[in-house]
Amino acid sequence: MQSLKDRILSDGKVRPGNVLKVDSFLNHQMDIHILEEIGAEFKRRFEDANINKILTIEASGIAIACMVAKSFDVPLVFAKKNQTKNIAGDVYSSRVTSYTHSRVYDVIVSKEFLTADDRVLLIDDFLANGCALEGLIDIVDQSGAMLEGIGIVIEKHFQGGGDRLREKGIRLESLAIIESMTDDSLKFKD
Ligand code: 5GP
């Protein structure tokens with residue numbers, strides 16, 4: 001998606017540890033117009049898939065996934081990072097290692113909102129090593145739902161998570177794929 005790549009080049013900031021900050025339009029301040037475009041682009045790419053539910057992980061995936069859910073006209077469910085008192089034990093749960101925060105946490109989804117009847121599109125902002133997605137895939141597997149595909153806004157290809165998922169035969173669409181990045185250069189994969 002060219003407008004996204006242009007925006008990454010103009011506004012993205014490379015931080016130590018291979019972290020790309022896109023806080024001015026995606027992860028802190030949000031540009032609703034580019035979010036709308038992202039929602040429409042995933043709809044176009046997964047038009048043929050029979051998707052009835054969008055699943056993401058809190059927090060930064062939620063706004064993006066909202067736009068995707070709107071373009072498919074289906075509900076969005078987000079995996080919660082902490083078990084709260086409001087959610088009974090009736091949950092699917094998986095363990096995730098956070099790339100940006102270097103910690104391990106559990107993600108949960110209520111069994112009420114994901115069942116074997118669902119055909120799921122996973123959405124997230126970034127794909128690095130793939131741990132967050134592996135947690136979500138595990139939750140989809142536990143529910144018996146069908147994983148139709150994964151939509152990622154920014155894939156950092158050099159970290160290998162995307163190719164590991166593709167090798168498993170999972171349909172993965174990334175709107176901007178970064179081949180390499182340093183403080184003063186950022187290259188996209190064609
Ligand atoms: P993974 O689990 O694939 O290693 O990392 C994916 C998760 O870590 C994403 O949900 C995202 O929140 C965060 N993340 C990974 N790399 C980056 C990055 O370069 N920039 C930002 N802002 N978040 C990242």
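**Salt bridges, strand E3 and the largest pocket**

Glu41, Arg44, Arg45 and Glu173 hook up into a network of salt bridges. The model is a predicted one, and twelve salt bridges turn up in it overall. Opposite charges on side chains can pair up once the charged atoms get close. Within the network, Arg44 and Glu41 come together through their side chains, with 2.7 Å from N to O. Both sit in helix H3 (residues 32–45), and because they are three residues apart there, about one helical turn separates them. The two ends of this bridge see quite unlike surroundings: Arg44 is exposed, at 54% relative accessibility, while Glu41 is buried, with a relative accessible area of 13%. With the cut-off for buried set at under 20% and that for exposed at over 50%, the 13% of Glu41 puts it in the buried class and the 54% of Arg44 in the exposed one.

A second bridge joins the side chains of Asp118 and Lys53, at 3.2 Å from N to O. This one ties together distant parts of the chain, 65 residues apart: Asp118 belongs to the loop between strand E6 (104–110) and strand E7 (119–127), and Lys53 to strand E3 (residues 53–57). Here both partners are tucked away, since Asp118 has a relative accessibility of 5% and counts as buried, and Lys53 is buried too, at 13% relative accessible area.

The side chains of Glu155 and Arg166 form another salt bridge, with an N to O distance of 2.7 Å. Again distant parts of the chain are linked, with Glu155 coming from strand E8 (residues 146–156) and Arg166 from helix H6 (residues 161–167), eleven residues apart. Glu155 is buried, its relative accessible area being 0%, whereas Arg166 is partly exposed at 28% relative accessibility. Strand E8 also holds Ile154, which is likewise buried with a relative accessible area of 0%. Ile154 and Leu172 lie 18 residues apart in sequence, and their C-alpha atoms are 12 Å apart in space.

Back to E3, the strand that supplies Lys53. Five of its five residues are buried, so E3 is largely enclosed by the rest of the structure. Lys53, Leu55 and Ile57 point one way from the strand, Ile54 and Thr56 point the other way, and all of them are buried. On the pairing side, E3 runs parallel to E7, and three bridges join the two. One residue to look at here is Ile54, whose bridge partner in E7 is Leu121. E3 also runs parallel to strand E4 (residues 76–79), this time with four bridges between them. Thr56, for its part, has Phe78 as its bridge partner in E4. Getting from E3 to E4 takes the chain through helix H4 (residues 61–72), and the resulting β-α-β crossover is right-handed.

Then there is the empty space. A probe the size of a water molecule, rolled over the atoms, shows where such space is left. The largest pocket has a volume of about 730 Å³. It is lined by 30 residues, and those closest to its centre are Ser60, Thr100, His101, Asp125 and Phe126. Elements giving two or more residues to this lining are strand E2 (19–21), helix H2 (23–27), E7 and helix H5 (131–143). The biggest share comes from E7, which gives four residues. As for chemistry, the lining of the largest pocket splits into 13 nonpolar, nine polar and eight charged residues.

Phe126, one of the residues closest to the pocket centre, lies in strand E7. At 17% relative accessibility, Phe126 counts as buried. Along the chain, Phe126 and Asp106 are 20 residues apart, and 19 Å separates their C-alpha atoms. E7 thus shows up twice in this picture: the strand pairs in parallel with E3, and it gives the most residues to the lining of the largest pocket.

Conventions
Residues are numbered from 1 along each chain as its sequence is written. This is a predicted model: local features need pLDDT of at least 70, side-chain atom pairs count only at pLDDT 80 or more; totals for chains, interfaces and linings use all residues. Side-chain values use heavy atoms; hydrogens and water are left out. A salt bridge is a side-chain nitrogen of Lys or Arg within 4 Å of a carboxyl oxygen of Asp or Glu. Buried means under 20% relative accessible area, exposed over 50%, partly exposed in between (1.4 Å probe, protein chains only). Two strands pair if DSSP finds at least two bridges between them. A crossover is right-handed if, with the strands pointing away from the viewer, the path from the first strand over the helix to the second runs clockwise. On a 1 Å grid over the protein atoms alone, a cavity is a set of points where a 1.4 Å probe fits but cannot get out, and a pocket is an open set with protein on both sides within 12 Å along at least five of seven lines; lining residues have an atom within 4 Å of a point. Grid points are joined across faces, edges and corners, and a volume is the space filled by probe spheres set on the points. Ala, Val, Leu, Ile, Met, Phe, Trp, Tyr, Cys and Pro count as nonpolar, Asp, Glu, Lys and Arg as charged, and the others, Gly among them, as polar.
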